[in-house]
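Trainee: I would like to learn how to read contacts between parts of a chain and between chains. Could we work through a case together?

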Amino acid sequence: MKKRTVNYSKARKLYLKRQRNDKILVIFFQIAVIVAFLGIWELLAYTGALDPFFFSSPSRIAVTIVDLAKTGNLFLHIWTSLYETIIGFVLATAIGYILAIILWWSEKVRRVLEPYLIILNSLPKIALGPMIIFWVGSGTGATIVMCILICVIITTISMLNAFISCDNDKILLMKSMHAKKYQILFKLIIPNSLPEFATALKINVGMSWVGTIMGEYLSSRAGLGYLINYGSQILKLDIVMASIVILCILASGMYFLVSPLEKRYKK
Amino acid sequence: MKMLLEFKNVNYFYQTKENEINALDGVNFSIEHESFTSLVGPSGCGKTTILSLTAGLLTPSSGEILLDDKPIEKNDSRIGYMFQRDHLFEWRTIWQNIILGLELQKMKKDPKKLAFAEELLKKYDLYNFKNKKPRQLSGGMRQRVALIRTLVLEPALLLLDEPFSALDFQTRLKVCDDVYEIIKSEKKTALLVTHDISEALSMSDKVIILTKRPASVKTEIKLPFTEASPLAKREDKEFGNYFDMIWRNLT
């Protein structure tokens with residue numbers, strides 16, 4: 001944006017200055033919180049008030065990450081989890097969305113399937129874990145299936161609600177202009193539900209990471225979930241903490257990639 | 001004189017889970033070419049049902065509705081419908097909103113229709129807003145866009161379902177004038193549903209008063225006003241008398 005050379009009034013200048021100062025203050029404290037947290041953690045671990053064996057420490061986590069990167073296939077683990085999450089996320093969103101369209105299209109199908117949707121939605125998907133391993137074998141495939149199971153029903157339910165909540169007068173307007181059903185779908189229902197779609201994407205980012213880590217806990221030979229499991233089994237909690245830190249970074253990275261969409265459509 | 005729209009003994013029953021509701025009980029009326037008619041009646045009396053039947057969104061249980069001597073078809077393309085709110089699509093620009101109907105009927109590339117749409121925009125001072133989004137326009141302008149969106153399809157009859165009820169009073173008077181002027185200068189026939197008596201009086205040549213449900217026509221009142229605009233009609237000496245006459249008929 002270009003700097004404008006408008007002469008602002010005194011009150012306006014003061015207001016703008018306050019706004020800017022507020023923003024700087026918030027960012028300052030945000031940084032202060034994380035620095036203080038890491039500092040106190042490190043100090044407590046250093047003085048022995050917290051046992052670093054159980055609680056690790058920021059410096060030990062940093063060292064562990066470097067070690068893992070050098071010798072422990074860290075990037076393979078990151079890549080595996082990232083790959084499973086993205087594939088699971090994309091497939092779940094696509095399948096859930098298409099299911100929602102089918103259910104919107106036919107009220108009969110919707111009424112028949114409604115109770116089953118509710119049952120599937122309330123079932124804790126992790127319970128299906130052992131079955132998934134029998135069906136698709138252990139490893140990446142099982143993790144992706146777990147990921148899809150966790151995200152798909154909730155996507156369908158939230159998109160279906162968005163489709164149905166479209167203003168009835170808008171549909172009548174389309175009908176009064178001779179719209180066919182597919183035109184109502186593509187020119188009204190889908191664009192009208194973009195804000196809800198952006199929200200669904202945001203939720204699915206979180207859910208698909210849950211799916212991936214759960215899937216990897218169940219059975220896997222690589223991935224951050226595997227690394228966490230492995231670290232706890234050999235009692236190296238530094239590895240567990242290091243994996244969690246990396247997981248944090250990846251999940252929030254993906255979240256920030258998706259969230260601008262929501263801002264764009266929510267106006 | 002030949003009529004544009006004729007309701008001949010139209011009955012309509014709503015089906016609900018509990019029972020059958022008789023909404024219209026032998027409705028008879030007719031509308032002349034290029035006239036402006038208002039339907040008023042107690043709330044819930046079936047005014048909107050009459051519009052839906054005319055638009056072919058519903059079919060009468062018995063009786064006949066003729067437009068230009070031909071029965072109304074399902075979603076009849078000779079009808080243009082304007083709703084209580086403008087229902088402009090926020091994700092489309094003003095221009096894209098206006099050609100929505102053409103797009104739906106696969107006439108998006110018809111140069112004659114497009115030229116007509118453009119001409120309407122220019123004539124009614126919206127051309128500069130062509131590429132703006134609806135949210136950037138005032139309530140009155142949005143309602144004008146909604147009217148043009150309907151006019152682009154060149155309907156023989158315009159149905160207006162309380163099109164001003166969502167606007168504040170000042171905007172409402174202004175938009176009333178605007179819409180009236182556009183309808184008159186495009187030589188359209190209009191049927192307005194409203195619960196606002198002064199709105200009906202200021203816009204119409206004829207007011208049809210309905211009874212409470214099941215609705216039938218109680219009486220028709222022809223209005224003698226000669227003023228050019230709805231706003232000017234409100235100043236007419238007779239305005240108050242006609243207001244009282246309609247009010248008495250409604251209660």
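Trainee: How many residues of domain 1 of chain B are in contact with domain 2 of chain B?

Mentor: In this predicted model, 10 residues of domain 1 of chain B contact eight residues of domain 2 of chain B. On the domain 1 side, helix α6 (residues 169-185) of chain B supplies the largest share, six residues. By class, that side of domain 1 of chain B has six nonpolar, one polar and three charged residues.

Trainee: Where do the two domains lie along chain B?

Mentor: Domain 1 takes in 3-78 + 158-250, and domain 2 covers 89-154. Their centres, taken over C-alpha atoms, are 25 Å apart.

Trainee: How should I read the radius of gyration of chain B?

Mentor: Set it against the value for a compact globule, which would be near 18 Å for 251 residues; chain B has 18 Å, so the two agree. Along the principal axes, the C-alpha atoms of chain B fill a box of roughly 45 × 45 × 40 Å. Buried residues account for 41% of chain B.

Trainee: And between chains, how is the size of an interface often given?

Mentor: It is often given as the accessible area lost when the parts come together. Here I can offer contact counts: 16 residues of chain B touch 11 residues of chain A. On the chain B side, β6 (79-82) and α3 (100-104) each supply at least two residues. α3(B) gives the most, with three residues. That side of chain B divides into 10 nonpolar, five polar and one charged residues.

Key. Residues are numbered from 1 along each chain as its sequence is written. Chains are lettered from A and ligands numbered from 1 in the order in which they are written. This is a predicted model: local features need pLDDT of at least 70, side-chain atom pairs count only at pLDDT 80 or more; totals for chains, interfaces and linings use all residues. Two residues are in contact if their C-beta atoms, placed from the backbone, lie within 7 Å. Helices (H or I, at least four residues) and strands (E, at least two) are DSSP runs, numbered from the N terminus. Ala, Val, Leu, Ile, Met, Phe, Trp, Tyr, Cys and Pro count as nonpolar, Asp, Glu, Lys and Arg as charged, and the others, Gly among them, as polar. Domain bounds come from an automatic or database domain assignment. The radius of gyration is taken over C-alpha atoms; the globule rule is 2.2 Å times the number of residues to the power 0.38. A residue is buried if 20 or more other C-beta atoms lie within 10 Å of its own, exposed if 12 or fewer, and partly exposed in between; C-beta atoms are placed from the backbone.
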